[in-house]
Every structure is written in structure tokens, then in C-alpha cells.
Amino acid sequence: MPAAIVAGLGSWLPPRTVTNEELTHRLATTDEWIRSRIGVATRHMIDPGTATSDLAVEAARRALRSAGVPGAGAVLLATTTPDRPCPATAPEIASRLGLGTVPAFDLAAVCTGFVYGLAVGAGLIASGLVESLLVIGADTYSTILDPEDRTSSVIFGDGAGAVLLRAGDSEEPGALGPFDLGSHGELADLITVRGGGSRQRSSPAPADPGDQYFRMEGRAVFANAVARMAASSQSALKSAGLQTSDVDRVVAHQANARILDAVATELRVDRDRFVSNIARVGNTSAASIPLALDHGLRDGELRAGHRVLLTAFGGGLTWGSTSLTWPEIALAD
């Protein structure tokens, strides 16, 4: 049974950078509060007319160049902000990449979407259905944020990251290890966009204008994120025959700096082993982990031979983790 090997990596951020100072002009907050509570200094946001697919295509092109291949056998897009409710965005991405009629579909697991996508991609490769595929995490949260909501508006940014998975041997560097995945739907309302779906559209009551925006219960999300990522990480490592002491780098979903600190404490892993770019890009949801991987590689924090733990938590609630030995990967401009 073939294993899924990470063979290429790429990312893309919208050119427009939004500083904390820019946000404080319209929100009752300060740069100091954002930095101390969230850990974000800047984030990137799309300009009018730009869509999630635009970011995803650029990240995917770089992942293909990184892998040194002209195409892939399938495209999987993890996103909460598709271009349209119908159809899925991935087929358009595949077309724009010149991949022809390959299988292409979207996956919705909010901030856990990329890890879920890796698991699905590994399954497609193991089944023999495809020999390679692009797994893309891309989100444009600026399109669903309430501009008057101080809590969420300062956290999120837009971006995309992608990996090229190929079939290979489980002993190769880059082989994805066992996965741990989970969900808890009873807590779905902790992270949600209430409007726009069939439940709201079928309701006889008029829609609340605020239901079009992203909402999050911060305190409850914090507690669940820390507990779930820590437990999931331990489970995935145990399945791989590893302990936290074997881990060289942790690339966790960049939710906020305090959550990363708390997960490090729960895992008893030094915080300096966590690859983090949240100060530069904010929380980019499904794009968070592949963006952090790309930036960590460029910054020299991530090197070939490192044993890397990936872990994420998001709406649903959902969570997931896996591990791999980082391979030699070329950087793509």
C-alpha cells in the first residue's frame, strides 16, 4: 500500500498588509492589546474582486514548482470561504492550473481543514485512485468578518498554502504518519456563520443581518482548542511510536499566541520548538499550517530530517494531528 509523501510546498499572501494601527482607527482597541492578547502585528487581506480561488491557484502553482512536476492527479481544497456556495471551488482551481478533468473537490473542516485534507489525500493515494494530488488550504476570512467586531477582526488574515502529495514508501522522508482526527458537533455554535445555509434559508423568520458574519465564543474555544490539540497530538504520536521528546518541530494551527503557549505547556514541549508566523499573518484558518510550513522552511526553522508534528483545531468542532520526517524540499518563488 503506497504512502503519501510531501513532495512540494507553496504559499501565497495577498499583497495588501493591514497593521494593528490601521485597525485601531475603527475599533475600540490598541496595538498593545492585540499584540499581548492575540500575538498578531500584521495580517494580509484581499483587495475587492479577489477570491479564495485566486490565492489557492498561486499557492498551488508554487507547490508544483517546488516539487518539480507539471501537474497533479487530483485537487483538494480545504476552505470555509469558497468562491460560491455552489459549485465547489476546487474544479475551477484545477482548470486554471491546466490539470484538465482530474478529480477536484472542496472539504469543509474550518481551521482543521488542511489536516483533514492531508488525511483524505493519504487515503486516495493508499487506495491507488491517484498517484499525486494537491492539498490546498485557502481562506479569505476578511469576507465574512463583522467589521465592527473587535474580537474577530483583529485575529484573522487571508492567505493560502499548498502541498503536493505523491505516492511513495512509508519509510521515506516526507511520509505522512498515522492520523488522529475527531469532531464534537454538540459544540458547533462555538465557531459559526449562522446565515447563508439551508437552516437559515428555510426558516420563516427574517434573517438577522449579523448572521452573515463569523462568530466565535472565545473563552470556550480557547479551552477546547488547547485540550483537543494536546490530546490529538499525543494520540497521533503514540500511533507513530513516538513521544513528544522525539519531536523537533511542532507546526500547530496559528489560532493565537496564547493558545500556542498553552499547547506547548500541555505537551511539555519547549515553545521554541513551535514554528510560528502568527505575528506576521494572523490566523489564516485552513491556510494556517501550510503557510507556517513554508515560512518556517524559508526562515531556517524547519530543516530536512526534523521530526515534525502537525496539529490543528477548528469549527465543527474538529481537530486532527499527524507527523512526518521533513524531507528535502525546494523553495518556490
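Which helices and strands each supply at least two residues of the lining of the second largest pocket? In this predicted model, the list runs to helix 2 (31–37), helix 6 (150–153), strand 10 (214–216), helix 8, helix 9 and strand 12. Helix 8 gives the largest share, with five residues of that lining. The pocket itself has a volume of about 480 Å³, and 26 residues line it. Nearest its centre sit Thr-151, Gly-218, Arg-219, Asn-256 and Arg-258. Sorted by class, the lining of this second largest pocket comes out as 16 nonpolar, six polar and four charged residues.

The largest pocket comes next. Its volume is about 1000 Å³, and its lining takes in 40 residues. Thr-80, Val-193, Gly-195, Gly-196 and Gly-197 are the ones that lie nearest the centre. Strand 5 (104–107), strand 9 (191–193) and helix 7 (198–201) each put at least two residues into the lining of the largest pocket. By class, that lining splits into 16 nonpolar, 16 polar and eight charged residues.

Closed-off space is another matter. Rolling a probe the size of a water molecule over the atoms shows where empty space is left. Searching the whole structure turns up one cavity of 30 Å³ or more. The largest cavity holds about 40 Å³ of space. Around it are Val-6, Phe-114, Leu-118, Val-163, Leu-176, Leu-293, Leu-310, Leu-324 and Trp-326, a lining made up of nine nonpolar residues with no polar and no charged ones.

Now for the packing. In soluble globular proteins, nonpolar side chains tend to be buried together. Here the largest nonpolar core counts 42 residues, and Phe-274 and Phe-313 have the most contacts inside it. Helix 8 (218–239), strand 11 (249–252), helix 9 (257–267) and strand 12 (307–314) each supply at least two residues of this core. Another core, of 33 residues, lies apart from it and has Ala-109, Val-130, Leu-176 and Leu-297 among its members. Leu-176 also turns up in the lining of the largest cavity.

What does Phe-313 touch, leaving out residues up to four places away in sequence? Its contacts are Cys-111, Thr-112, Ile-191, Val-221, Asn-224, Ala-225, Arg-228, Met-229, His-253, Thr-318 and Trp-319. One of these partners, Cys-111, counts as buried because its relative accessibility is 11%, below the 20% cut-off.

Ala-292 is worth a look too. This residue lies in helix 11 (residues 288–299), and its relative accessibility of 0% is why it counts as buried. Setting aside residues up to four places away in sequence, Ala-292 touches Val-251, Gln-254, Val-275 and Asn-277. Gln-254 is 38 residues from Ala-292 along the chain, yet their C-alpha atoms are separated by 8.0 Å.

The backbone has a few oddities, starting with cis peptide bonds. The bond from Cys-86 to Pro-87 is cis, with omega near 5 degrees. Pro-87 is found in the loop between strand 4 (75–78) and helix 4 (90–96). Its partner Cys-86 has 63% relative accessibility and therefore counts as exposed. As for cysteine pairing, the disulfide count comes to zero. A cis peptide bond also joins Gly-316 and Leu-317, this time with omega of about -15 degrees. Leu-317 belongs to the loop between strand 12 and strand 13 (318–325).

Positive phi values also crop up in residues other than glycine. Val-110 is not a glycine, but its phi is positive, at about 55 degrees. The residue is found in the loop between strand 5 and helix 5 (113–127). Is Val-110 buried or exposed? At 17% relative accessibility, Val-110 counts as buried. Arg-268, another residue other than glycine, has a positive phi near 60 degrees. This arginine is found in the loop between helix 9 and helix 10 (278–281). With 77% relative accessibility, Arg-268 counts as exposed.

Key: Residues are numbered from 1 along each chain as its sequence is written. This is a predicted model: local features need pLDDT of at least 70, side-chain atom pairs count only at pLDDT 80 or more; totals for chains, interfaces and linings use all residues. Side-chain values use heavy atoms; hydrogens and water are left out. A disulfide is a pair of cysteine sulfur atoms within 2.5 Å. Buried means under 20% relative accessible area, exposed over 50%, partly exposed in between (1.4 Å probe, protein chains only). On a 1 Å grid over the protein atoms alone, a cavity is a set of points where a 1.4 Å probe fits but cannot get out, and a pocket is an open set with protein on both sides within 12 Å along at least five of seven lines; lining residues have an atom within 4 Å of a point. Grid points are joined across faces, edges and corners, and a volume is the space filled by probe spheres set on the points. Ala, Val, Leu, Ile, Met, Phe, Trp, Tyr, Cys and Pro count as nonpolar, Asp, Glu, Lys and Arg as charged, and the others, Gly among them, as polar. A nonpolar core is a set of buried Ala, Val, Leu, Ile, Met, Phe, Trp, Tyr and Cys residues joined through side-chain atoms within 4.5 Å. Helices (H or I, at least four residues) and strands (E, at least two) are DSSP runs, numbered from the N terminus. Contact means heavy atoms within 4.5 Å.
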